[in-house]
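Me: I would like to learn how to read a chain from its sequence and coordinates. Can we go feature by feature?

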Amino acid sequence: MALTKQAMAAHAAETSEFRREPNRKVVALMGNPNVGKSTVFNALTGLNQHTGNWPGKTVVLAQGQYTYKAERYTLVDLPGTYSLLSRSEEERVAVSFLQAAQADCVVVVCDGTCLARNLMLALQVMELTTQVIVCVNLLDEARKREITIDLRALERLLGVPVVGTAAGKREGLSGLLERIRSVTDGFEQPHPKTHETQEYGGQPLLQLLENGTQRQADTAAKCFVRRAEALAGAAVCGGDSAYNRRQQKLDRILTGKLTGIPILMLGLLIIFWLTIEGANVPSQLLQYVFDALGRLAWRAADAMRLPQILSSALLDGVYATTARVVAVMLPPITIFFPLFSLLEDVGYLPRVAFLLDAGFARCGACGKQALSMCMGFGCNAAGVVGCRIIDSPRERLIGILTNCFVPCNGRFPALIVLGCALMGGRGNSFFSAAVLTGCVLAGVAMTFLASLLLSRTALRGMPSSFVMELPPLRKPNIGRVIIRAILDRTLYVLGRAVMVAAPAGLIIWCMLHIPAGEAACAYWLAGVFQPVGAWLGMSGAILLAFLMGFPANELVLPMMITLGAGEPDGWPLRMILCTMVFFLFHWPCSTSVLTIKKETGSVKWTIASVVLPTAVGVLLCRVLTLLI
């Protein structure tokens, strides 16, 4: 439990990289997960930080600037946390920032639909600094639930400014800006009505954070809970509405034992079907356009009398490989990511985590791993970083080592192409979507199995428990979600793939033109790997493509085709199935490996994260080879 001031300052320097600029006042945003804190941040600063409807999404600091009445401010979005009294990464970052960065004002954002739970954090922050403003957000959601909050009464009870907002609709933000200016300029002096220290052991909260025991922290937490409930009871009334009853009915359906999993599988099936059905024709058109542009580029190169070897390296190597990556990836991810983001914005993904929580507990892991696993569907490196929300070092390590078992953005386009190839490229999209859904479920099942194996062998221990907040199901802002999905995810993934594809295309061209005996280097290497590839049900060219695709999974499929494996439509069934399995279970990409090394600080566990999924992929491919 002990956290010295020096440790807090060091931790703040390590995690936030915050630098206070001269002539700028610093405003910190704090709050429970999923209270709209990042929405407030975006609304005030104009920065487009992603604001998914997802508990625990922010795990590092984000900062931006804004100007109000000629004053310049730096706004810092601290990690979402329920309390300052435990040992999680979010709480350490928040406490260390408050102590090291010396914010001029701290805005504690609360959810108006569940004020009692949120006020506990506000009361703790008031123990550490007097410069506090309480922002009661999501008042639009509170109105739907027929909840009435007396903001003036709450301000009197707390002794600090209280502002009501609905940040998603930009309601109340001008009042928040004015109260921030008033507090930071000294026009308004908050006088927090804090605890009597004898209530929780006779020492101030800061001393408790520095040298208190866990038992003292638990006693203090109970005191804060009682006071938060009393304050909310005095300021809040209503709340029993038809809206609440509808939410509860929907939750019983979406998270029920009999209905939850079938709905999840059906949802995945629909998303993949729409992705496959909508991506086929655009992919073909894009490749046709790129081929035409390539022919024009060749004519221009000939007219400019460029050396043949230079033209071939740039056009047959760099351009052709990059064009193939874009043509294969762009249409499916442009459809898939907005659909997936809509589920996130609606609030369905936390319910997926809720469905999987019991399974992780039975495997000896933490239920929070369900959240980091869902992040891994976007990017395994992001999922690894997301494991910071897991308090137990043992369970955090399990989450890190198993995150790469679920397919990331870079693997989905290739799995879609291979799924279509199972029917010779002419099969219906529904069948391909069913195959892809099966791949996702296989990844989830293997995550459970690997977690169980690790918890029973190298990482033994008792699983911890945690409270999972289910945010309200909300009507998504479709336009904003689509724009953010395209800018934040589609273009990011595509840009990352292009940055790696261009130099990789040059390397492939060199390997295809540098002789090694009687054949080009690439074909010679493919021949070297042929016995191993055949033993795994694939080919030497496919295995070589996996090795050369280590920088980014997006490159593997185009490299397979370029290295002589041919289009997947013409592959035998066994080769397609084994390649799909190896796409699901093989070593992480270079970005994920570097992230794992940074998060664990251990070469041993980094190697284990590479060996574990690869061993599973090799074993399954060999079994398929023997059976088919």
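Reply: What follows goes from the whole chain to its sheet, then to single residues and the surface. Keep in mind that this is a predicted model.

Me: Start with the whole chain. How many helices and strands does the chain have?

Reply: Count secondary structure before anything else. Here the chain has 25 helices and ten strands.

Me: What share of the 628 residues counts as buried?

Reply: The cut-off for buried is under 20% relative accessible area. Of the 628 residues, 56% count as buried. The accessible surface of the chain comes to about 26,600 Å². Carbon and sulfur atoms hold 62% of that surface.

Me: And how much of the contact map joins residues 24 or more positions apart?

Reply: Take the contacts with a separation of 6 or more. Residues 24 or more positions apart account for 76% of them.

Me: Now the sheet. In what order do the six strands of the open sheet stand?

Reply: Read a sheet across, not along the sequence. The order is 2-3-1-4-5-7, and the pairing is mixed. The edges are strand 2 (62–68) and strand 7 (162–164). Each edge strand has a single partner, so one of its sides lacks a neighbour in the sheet. From one strand to the next, the twist averages 25°.

Me: Mixed pairing needs examples. Which way do strand 1 and strand 3 run?

Reply: Strand 1 (residues 25–31) and strand 3 (residues 71–77) run parallel, joined by five bridges. For registry, look at the bridge partners in strand 3. K25 is paired with Y73, and V26 with T74.

Me: How many bridges does strand 3 make with strand 2, and in which sense?

Reply: Seven, in the antiparallel sense. Q63 stands opposite V76 of strand 3. Strand 2 and strand 3 form a hairpin, with two residues between them.

Me: Is strand 3 largely enclosed or left open by the rest of the structure?

Reply: Count its buried residues. Five of the seven residues of strand 3 are buried, so the rest of the structure largely encloses this strand.

Me: Which strands does helix 2 touch?

Reply: For packing, list the contacts and then take the angle. Helix 2 (residues 37–45) touches strand 1, strand 2, strand 3, strand 4 (105–111) and strand 5 (132–137). Its direction makes about 45° with that of strand 2. Helix 7 (residues 173–184) lies across strand 1, strand 2, strand 3, strand 4, strand 5 and strand 7. Helix 7 runs at about 90° to strand 2.

Me: Next, backbone torsions. Which residue in the hairpin turn has a positive phi?

Reply: Check the residue type along with the torsion. K69 has a positive phi of about 50°, although it is not a glycine. K69 lies in the loop between strand 2 and strand 3. With 51% relative accessibility, K69 counts as exposed, because the cut-off is over 50%.

Me: L138 has a positive phi too. Is L138 buried or exposed?

Reply: Phi of L138 is near 60°. The residue sits in the loop between strand 5 and helix 5 (139–144). L138 counts as buried, at 11% relative accessibility.

Me: How do I judge burial of a whole helix?

Reply: Go residue by residue, then count. In helix 17 (residues 412–421), nine of the ten residues are buried, so the helix is largely enclosed by the rest of the structure. Among the buried residues are F412, L415, I416 and C420.

Me: What about a glycine in a helix, such as G233 in helix 9?

Reply: Ask for its accessibility and its spatial neighbours. G233 is found in helix 9 (residues 214–235). At 56% relative accessibility, G233 counts as exposed. G233 and A116 are 117 residues apart in sequence but 7.9 Å apart in space, C-alpha to C-alpha.

Me: Last, the surface. Which residues form the nonpolar patch?

Reply: L266, I270, W273, L274 and F430, with about 460 Å² of accessible area together. Helix 11 (residues 260–303) gives the most, four residues.

Me: Why can spaced residues of one helix share a face?

Reply: An α-helix has 3.6 residues a turn, so residues three or four places apart point the same way. Take L266 as a case: it is found in helix 11. L266 is partly exposed, with a relative accessible area of 49%.

Key. Residues are numbered from 1 along each chain as its sequence is written. This is a predicted model: local features need pLDDT of at least 70, side-chain atom pairs count only at pLDDT 80 or more; totals for chains, interfaces and linings use all residues. Side-chain values use heavy atoms; hydrogens and water are left out. Patches are made of residues with over 30% relative accessible area and no salt bridge: like charges are joined within 9 Å, nonpolar side chains (Val, Leu, Ile, Met, Phe, Trp, Tyr) within 5 Å. Accessible areas come from the Shrake-Rupley method with a 1.4 Å probe; for residues, only the protein chains shown count as cover. A salt bridge is a side-chain nitrogen of Lys or Arg within 4 Å of a carboxyl oxygen of Asp or Glu. Buried means under 20% relative accessible area, exposed over 50%, partly exposed in between (1.4 Å probe, protein chains only). Two strands pair if DSSP finds at least two bridges between them. Axes are lines fitted to C-alpha atoms, for helices over the stretch in contact, and angles run from 0 to 180 degrees between N-to-C directions. Contact means heavy atoms within 4.5 Å.
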